[in-house]
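Work through the exercises below with the sequence and the model in view. Try each task before reading its solution.

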Amino acid sequence: MPDWRARVAKRLAGLRLDPATEREVIDELTQHLEDRYRDLLARGARPDTAAVEAWRELEGHPRLSREIASVRMAWPLAPIQHTARGGLPALWDDLVFAWRRLRHAPGFTVTALLTITLTVGVNTAILSIADAVLFRPLPYADADELAILQVRDRKSGAQSTLTPYSYLHAINAACPSVSDVGGLDPVQWPSPAAMPRIDTPDGPASVPTMAVTSNYFGILGVLAARGRLFNDNDAGREGRAAVLSHAAWLRIFGGDESVVGNTITLGTATFDLLGVLPPGFIFPSPFAGRPSLVVLRKPFGPEEQGGTFHPIVRIAKGVSRERAQAEVEAAASTVTAGVDENPGVPVLNDVRTLLYPVGRPIMRLLLAAAVFILLLGCANLANMMLVRGRRGLTDTAVRLALGASRGRLIRPMFLEALMLGLGGALLAVGLTAVTFDALLRQVPPVAYGRADVGVDYRVLLIALAMGLTCATAFGIVPAWRAAGVDAIALIRRRGGRGSQVRIGRPLVALQVAIAVAVIFGAIVAGRAFVSVLNVPVGFSSDRVVRVELGMPADLSRADRRAAIDRVVDALARRPDVEAVGAAGAVPFSGRAPDAGVRAADGGALVVGLIYALPGYFEAVGLQPHRGRTLVPGDRAANPDVAVLSSSAAKTLFGDRDPIGAHFDDGRGRRFQVVGVVGDVRNFVDRETAPLAYAMPPPERGLLTIVAKTRTRAPGVLSEIKADARRTVPGALTTVEWWEDGIAANTGYRNPRFQTLVLSGLAALALGLTALGIFSVIAYLVAARTREMGVRLAIGASPRSLVGLLLRQALAPIAIGLAAGLVLIQWGKQLAEAQLFKVETADPLALIAASVTVVLAGAAAAYWPARRATKINPVDVLRAE
Amino acid sequence: MKKGSAELLILSAIEARPRHGYDIARRIEERSKGTVTFHAASLYPLLYRLEHRGWIAGRWTEHRGERRRRLYRLTPEGRKVLARQRSLWRAFVKAIDRAVGVEHA
């Protein structure tokens with residue numbers, strides 16, 4: 001007997017089914033031919049005749065493999081119930097069917113899931129941070145009634161965070177529309193030894209403490225998690241009554257309930273612990289940090305000099321902010337009437353805006369980018385569903401012809417989209433939750449301030465809503481179209497396709513527009529961060545060790561100063577130290593200048609004065625532009641020489657030559673200018689202020705020591721710490737690499753974050769767009785196989801067909817590009833209004849974004865277009 | 001020949017009992033007295049398509065000493081389709097008969 005199996009296998013070489021199905025088909029046909037051969041022999045045919053005759057069973061039919069493959073490969077059809085099975089059981093059937101359809105198309109399922117996961121994931125990640133900054137209610141009762149006072153300078157319009165006590169009294173006395181003012185201050189300890197401290201494995205550590213007025217928590221409407229917070233009856237217990245932050249209660253006392261209501265001892269200090277603040281509580285002040293301990297502050301006395309940072313008031317219910325503002329201004333004017341020195345106008349500020357000054361605009365921009373990405377993902381999903389809808393169209397037609405209702409036809413597709421949306425959203429939330437901490441480490445804290453950030457149930461709900469909306473909204477359209485097909489026409493394999501091509505191409509245009517805008521936006525947002533973080537700071541923290549000395553309590557001010565000098569000398573003797581100096585308010589310490597220089601007319605402070613010891617300039621890399629910096633000889637010979645920053649020189653002397661000139665600090669100290677250095681930034685998100693540097697008065701004992709080392713060697717910190725301890729026994733020393741401290745505080749210069757924002761979002765947008773273009777072109781090719789065959793048959797070259805398809809892809813890309821540029825023009829105004837120092841007139845970014853998208857689009861189109869050249873015109877025409 | 005008549009032939013061939021492919025082809029040939037023949041190349045794609053539509057179901061069976069065979073049986077849905085197509089066919093034949101003037105006795 002001939003080897004039928006081998007012959008059949010060869011005949012069906014083009015099947016390309018999965019191996020098991022292919023073997024089944026070959027087995028079955030082999031069996032058929034064997035049966036036929038035996039039959040013929042039994043009827044008396046000669047073996048060679050029988051073999052020829054049997055083989056004729058498989059002759060002709062040039063498209064046999066393809067025909068078999070197309071049927072065996074297609075998706076399973078849903079059982080069409082003509083019985084009364086409806087309601088829930090029918091829904092279950094459809095669910096099972098949707099599940100089966102997804103399992104039968106792993107390529108589609110994985111791509112769709114990936115699209116949803118990535119797009120929703122980007123949204124949940126950004127939202128997890130943005131939520132705290134933008135949306136989550138502040139942890140205060142009726143937070144929209146709260147306001148933070150600042151003082152606006154009458155001339156410059158700039159707001160200062162310090163409100164004079166005199167204003168607070170006036171407001172307490174004369175403003176019925178707002179509550180009494182609540183205040184938050186750093187604690188003035190009588191001596192460093194009195195500071196509360198705890199023992200940690202790394203040695204004693206101080207407990208960050210703030211003081212509030214007794215009405216403070218009441219104004220915020222915060223309730224204690226344990227015990228109680230301060231109230232008016234606590235008067236007289238200032239500095240003694242205290243509450244703990246929730247985190248500190250857990251950390252220091254292990255969440256011990258028995259300490260609440262009892263006396264606690266922290267170092268040498270003892271407090272009556274009234275209660276514990278709720279978890280997640282943050283102070284409505286960017287300066288407050290996250291103190292572990294909050295003690296009671298005495299009420300603002302009428303004679304108290306100075307002012308307080310970020311005092312808070314609650315505006316009475318039903319009173320407009322404008323009216324409250326007018327009252328506050330009027331109250332302040334009673335204080336300033338007849339006084340020359342006018343601190344400015346008190347202003348009621350929105351709490352959220354003050355808490356997240358940098359974070360809000362940046363987060364808003366990132367969120368906008370994320371929403372764009374979501375749109376892109378949805379457009380992609382729509383494309384994929386369209387292509388898939390077309391593939392299943394013949395099935396749909398058959399089922400329609402058999403009398404399935406259109407609603408019933410749509411439901412499995414709808415359920416399929418629902419399953420994808422749900423699955424993708426859950427994956428996205430899971431992925432975000434797992435990677436969030438790693439992600440957050442890449443984000444500069446300046447973006448979210450003091451807020452608690454994290455993935456919570458709100459984010460989860462929003463992600464689910466996004467996934468489901470995206471999948472169903474865009475999944476239902478193709479499903480509806482599929483159900484709207486002309487069944488008869490489709491069974492005859494004609495028509496019903498053009499309409500979907502018509503949806504596909506606008507989708508490409510939409511995707512291209514969004515991608516261009518997102519990529520441009522990512523570049524702009526990235527650069528906004530860069531400009532906030534990378535504006536030349538004017539100094540160098542590289543290889544600089546920062547030393548803070550917490551002095552023993554029994555040292556006088558002069559002794560403290562002598563101790564600092566001794567440590568500076570000791571460090572200067574180290575061979576691995578290039579330069580060492582000290583200054584009062586070093587950059588990025590959050591400290592205001594040590595003193596100020598008033599304008600010639602005795603009015604406002606115009607230049608900040610920083611106390612600096614010689615060597616400071618060299619240690620932090622401040623080169624003199626003109627003249628010289630302070631030198632050790634100045635200590636004895638010229639204690640009143642000063643070095644100005646360039647902007648201070650301009651402020652004080654205009655275009656005159658400042659070297660040798662004199663200026664007055666307005667308090668009787670007269671300086672002679674010996675040099676000019678560059679400007680230095682003091683805060684990450686604020687403009688540089690004009691500064692003057694001068695030798696500290698002898699009793700000034702609060703200076704930060706900075707030492708520039710030759711290498712950032714690992715042992716240096718502990719050696720310097722030991723030096724400092726030896727030199728000043730009993731001091732509480734903090735020694736760290738300055739740049740680490742700055743990075744931790746401000747996230748300044750975090751190139752990894754730029755990379756994350758820029759390349760992450762842009763690459764995702766690009767990838768999604770490419771995928772969308774790819775599927776539309778693949779779809780075009782598939783839908784027009786016959787046309788391509790005909791074109792090939794009448795002499796078109798394969799190359800010209802690829803060209804034709806590419807041109808068809810480029811048209812929507814071009815339209816999308818134009819729309820994208822319009823979108824950018826519109827978005828630019830938004831960005832300029834929102835972002836600090838953003839450079840949106842950036843032709844390079846614009847060109848880069850456009851070229852990238854067009855190239856990616858063309859590449860994505862080329863790949864499926866090449867398939868057109870593989871069409872065999874003979875096969876196509878024979879099928880007609 | 002009327003569209004769908006091949007389907008009708010196959011469905012009726014397995015109405016009484018399940019049959020394998022070659023068996024179906026032979027039965028149709030026998031019952032039509034050699035007028036209608038199915039080659040494997042047209043039979044199997046059609047069988048697969050009917051199976052795909054859920055009208056027939058194929059299952060591999062093995063008998064001792066023989067190769068395994070794929071037996072096709074009618075599904076309940078296929079039975080309904082058969083009944084409908086059969087009545088449509090009768091109506092069609094009646095109409096054709098009337099049109100070409102064949103008189104029934």
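The exercises cover the chain contact, two sheets and two side-chain pairs.

The model is predicted, so local features need pLDDT of at least 70 and side-chain atom pairs count only at pLDDT 80 or more, while totals for chains, interfaces and linings use all residues. Residues are numbered from 1 along each chain as its sequence is written, chains are lettered from A and ligands numbered from 1 in the order in which they are written, and side-chain values use heavy atoms, with hydrogens and water left out.

**Exercise 1. Describe the contact of chain A with chain B.**

Step 1. Contact means heavy atoms within 4.5 Å. Chain A gives 29 residues to the contact and chain B gives 27 residues.

Step 2. Buried area is the accessible area (1.4 Å probe) that two parts lose on being put together, summed over both. Between chain A and chain B about 2700 Å² is buried, and carbon and sulfur atoms give 54% of that area. Of the area that chain A buries against chain B, 22% is supplied by A:Glu28, A:His32 and A:Val71, more than any other three residues.

Step 3. A salt bridge is a side-chain nitrogen of Lys or Arg within 4 Å of a carboxyl oxygen of Asp or Glu. There are 2 salt bridges between chain A and chain B. A:Asp35 forms a salt bridge with B:Arg69, with 2.7 Å between the closest N and O atoms.

Step 4. Helices (H or I, at least four residues) and strands (E, at least two) are DSSP runs, numbered from the N terminus. Two or more residues on the side of chain A that touches chain B come from each of helix H2 (19-42), helix H4 (64-73) and helix H13 (393-401) of chain A. The largest share of that side, 12 residues, belongs to H2(A).

**Exercise 2. Set out the four-stranded sheet of chain A and find the helices packed on it.**

Step 1. Two strands pair if DSSP finds at least two bridges between them. The open sheet has 4 strands in the order S17-S25-S16-S26 (chain A), with antiparallel pairing. At its edges are strand S17 (577-583) and strand S26 (732-737) of chain A, each pairing on one side only.

Step 2. S17(A) pairs with strand S25 (residues 704-709) of chain A over 6 bridges. A:Val577 has A:Thr709 in S25(A) as its bridge partner.

Step 3. Axes are lines fitted to C-alpha atoms, for helices over the stretch in contact, and angles run from 0 to 180 degrees between N-to-C directions. Helix H18 (residues 557-572) of chain A packs on the sheet, and its direction makes about 165 degrees with that of S17(A). Helix H22 (residues 716-727) of chain A also packs on the sheet, at about 155 degrees to the direction of S26(A).

**Exercise 3. Explain which strands of the chain B sheet lack a neighbour on one side.**

Step 1. In chain B, 3 strands form an open antiparallel sheet in the order S1-S3-S2.

Step 2. Strand S1 (19-20) and strand S2 (56-61) of chain B are at the edges with a single partner strand each, so one side of each has no neighbour in the sheet.

Step 3. S2(B) is joined to strand S3 (residues 69-74) of chain B by 6 bridges. B:Ala57 lies opposite B:Arg73 in S3(B).

**Exercise 4. Locate two side-chain pairs within chain A.**

Step 1. A:Arg36 and A:Glu57 meet in a salt bridge (3.4 Å, N to O). A:Arg36 is in helix H2 of chain A and A:Glu57 is in the loop between helix H3 (47-55) and H4 of chain A, 21 residues apart.

Step 2. A:Ser214 lies in the loop between strand S7 (209-212) and helix H8 (216-220) of chain A. A polar contact is a pair of N or O atoms within 3.5 Å; within protein, one must be able to donate a hydrogen and the other to accept it, and residues adjacent in sequence count only if both atoms are side-chain atoms. The side chains of A:Ser214 and A:Asp232 make such a contact (3.5 Å).
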